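Open the model in a viewer and keep the selection tool at hand. The stops below go from the whole chain to single residues.

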Amino acid sequence: MAVARPMRRTSPITFLLAALLAFGFLFFLLTPSSSSAAITTTTGDTSQHRRQDAADHPLSPPTKPFLKSQPIRNDGHEAPPPVVHYDLNQLTTTSDSAQKGERVLILTPLARFYQGFWDNLVQLNYPHELISLGFIIPNNKEGSTAITALEAAITKTQSGPIPSRFASISILRQDFEPPLQSQDEKERHKLANQKARRESMSRARNSLLFTTLGPATSWVLWLDADIVETPPSLIQDLTSHNYPVIVPNCYQRYYNTEHKKREVRPYDFNSWIDSSNAQALAESMGPDEILLEGYAEMPTYRTLMAYLADTESPNPRRVIELDGVGGTALMVKADVHRDGAMFPAFPFYHLVETEGFAKMAKRLGYGVFGLPDYFVYHYNE
C-alpha cells in the first residue's frame with residue numbers, strides 16, 4: 001500500500017506570485033480595451049460634430065437639421081427629436097402670394113458685388129420674413145472680393161430694422177473652377193466662350209438650387225447679380241400671373257453720346273419664340289453643339305422678346321408665350337424644379353442653361369411665359 005507523502009510547506013514566495021497573478025487578472029477584466037476606448041471617443045466626437053454642424057435657424061436648408069432642446073421624459077432622458085412632416089399638398093402657389101404667406105427663395109449666382117443690386121433687393125416690398133436668399137460665388141480671387149462685400153451688406157441689413165431682415169441667407173462657394181477668370185462684359189459675351197461659360201453657369205445654378213430649395217418654398221426667383229433696378233413690387237407682380245415660369249424684359253440704361261441724353265436699350269436676348277430656321281440649324285448640328293442667340297454667326301431668326309416691347313405706351317400686364325428664357329429675373333414655381341426641371345450643363349435639344357431649362361419645363365408640360373412691357377434693368381459696365 002502506498003504511503004501518502006506529507007504536504008510540503010508553502011513558501012512566502014509562492015503567496016507573493018499568486019497575489020500578483022490574481023491582481024493582473026482582475027486588472028485585465030476591469031480595464032476597458034483600447035478598441036472600446038476608441039469607440040467611446042469616436043461617439044463623443046460625432047455628437048460634438050453634430051452639434052457644431054447643426055443649422056442655426058429653423059428656416060435653414062433641410063440638408064442640416066435644426067437641433068433644439070428636447071423635453072425631458074419621465075425616465076430622466078431627453079425625448080428624441082420630433083419627425084417633421086411636410087405636406088406638399090398644402091403648399092400653395094397663387095396669384096395672392098403675399099396674402100397667402102407663400103415663401104419665396106431668391107437665388108443669385110454672384111461673381112461681382114454691386115451695391116445697386118443689394119439696395120434694390122432690400123427695397124423689394126414683399127414681406128421679407130417670407131424671403132430666403134441664396135448665393136453661389138466662384139472660388140477665385142474675384143469671388144473672394146465679392147463675398148467680402150456681400151457679407152458686409154448682409155450684416156448691415158440683418159442687424160438693422162426687423163422688417164428689413166430676410167428670413168434666412170445661404171452662401172455657397174463653388175467647388176469647381178470657373179472657365180473664365182475675367183468677368184469683363186466683352187470677355188463674357190465672346191461667342192467662343194459661350195459654351196464653356198454657360199455650361200459652367202448651369203452647374204452653379206443647379207448646385208445652388210439643389211442645396212437651398214426647402215420643402216416650404218413656393219416660388220423661386222432667379223435674380224442676376226447685375227440687376228440693379230426693378231419695381232419694388234417685382235415678386236407680387238410676377239407671381240400675380242400665377243404661371244409656372246415667367247420672365248420680364250431685361251433692358252439697360254445708358255448714356256447715348258449721339259443724342260446727348262440717357263436712354264434705354266434691350267440687354268437680354270435669351271427670351272424668345274422659336275423659329276423654323278433655328279430648328280433647321282439644330283438638326284444640322286452635332287450632338288455636342290449648342291444654339292446661341294444674339295450672334296451674327298448663328299442666324300436663328302427667332303422672335304426675341306427684347307424687341308417686342310412697347311416702350312412708348314407699355315402694358316406691364318401683357319403676356320406672351322415663349323420657348324426660351326433668360327435668367328436675369330426669372331420667376332419659377334418651386335414645383336417646376338421639384339418635378340425635375342433644372343439647368344442642363346450639357347446640350348439638351350442643343351440648348352443649355354436657362355434656354356435649356358425652358359425646353360425642359362415645356363417637356364414636363366409646363367407653360368413658359370414672358371412680359372415684354374415689364375422691365376428690369378441691368379448694370380451698365
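Start with the surface of the whole chain: this is a predicted model, and its accessible surface comes to about 21400 Å². Carbon and sulfur atoms account for 55% of that area.

Switch to a cartoon view. The chain holds 10 helices and 12 strands. Of its 381 residues, 43% are buried. Counting contacts with a separation of 6 or more, 75% are between residues 24 or more positions apart.

Next, select I106, W118, L121, L221, L223 and I235. These belong to the largest nonpolar core, which has 38 residues, and they touch the most other members. Add helix α4, residues 141-158: with five residues, helix α4 gives the most to this core. In soluble globular proteins, nonpolar side chains tend to be buried together.

Stay in the core and centre on L223. Which residues does L223 touch, not counting those up to four places away in sequence? The list is I106, L107, T108, F117, L121, L234, T328 and A329.

Now select I136, F176, F357 and A361. They are among the 27 residues of another core, which lies apart from the largest one.

For the last stop, show helix α6, residues 194-212, and pick S200 within it. Is S200 buried or exposed? S200 has a relative accessible area of 11%, so it counts as buried, the cut-off being under 20%. Display F176, P178 and P179 as sticks: S200 is in contact with these three, leaving aside its neighbours within four places in sequence. F176 is also one of the residues of the 27-residue core.

Terms used
Residues numbered from 1 in each chain as written. Predicted model: local features only at pLDDT ≥ 70, side-chain atom pairs only at ≥ 80, totals over all residues. Heavy atoms only, no water. Helix = DSSP H or I, 4+ residues; strand = E, 2+ residues; numbered from the N terminus. Buried < 20%, exposed > 50% of the residue type's maximum accessible area, 1.4 Å probe, protein only. Contact = heavy atoms within 4.5 Å. Areas by Shrake-Rupley, 256 points an atom, 1.4 Å probe, with all protein chains shown as cover. Core = buried A, V, L, I, M, F, W, Y, C linked by side-chain atoms within 4.5 Å.
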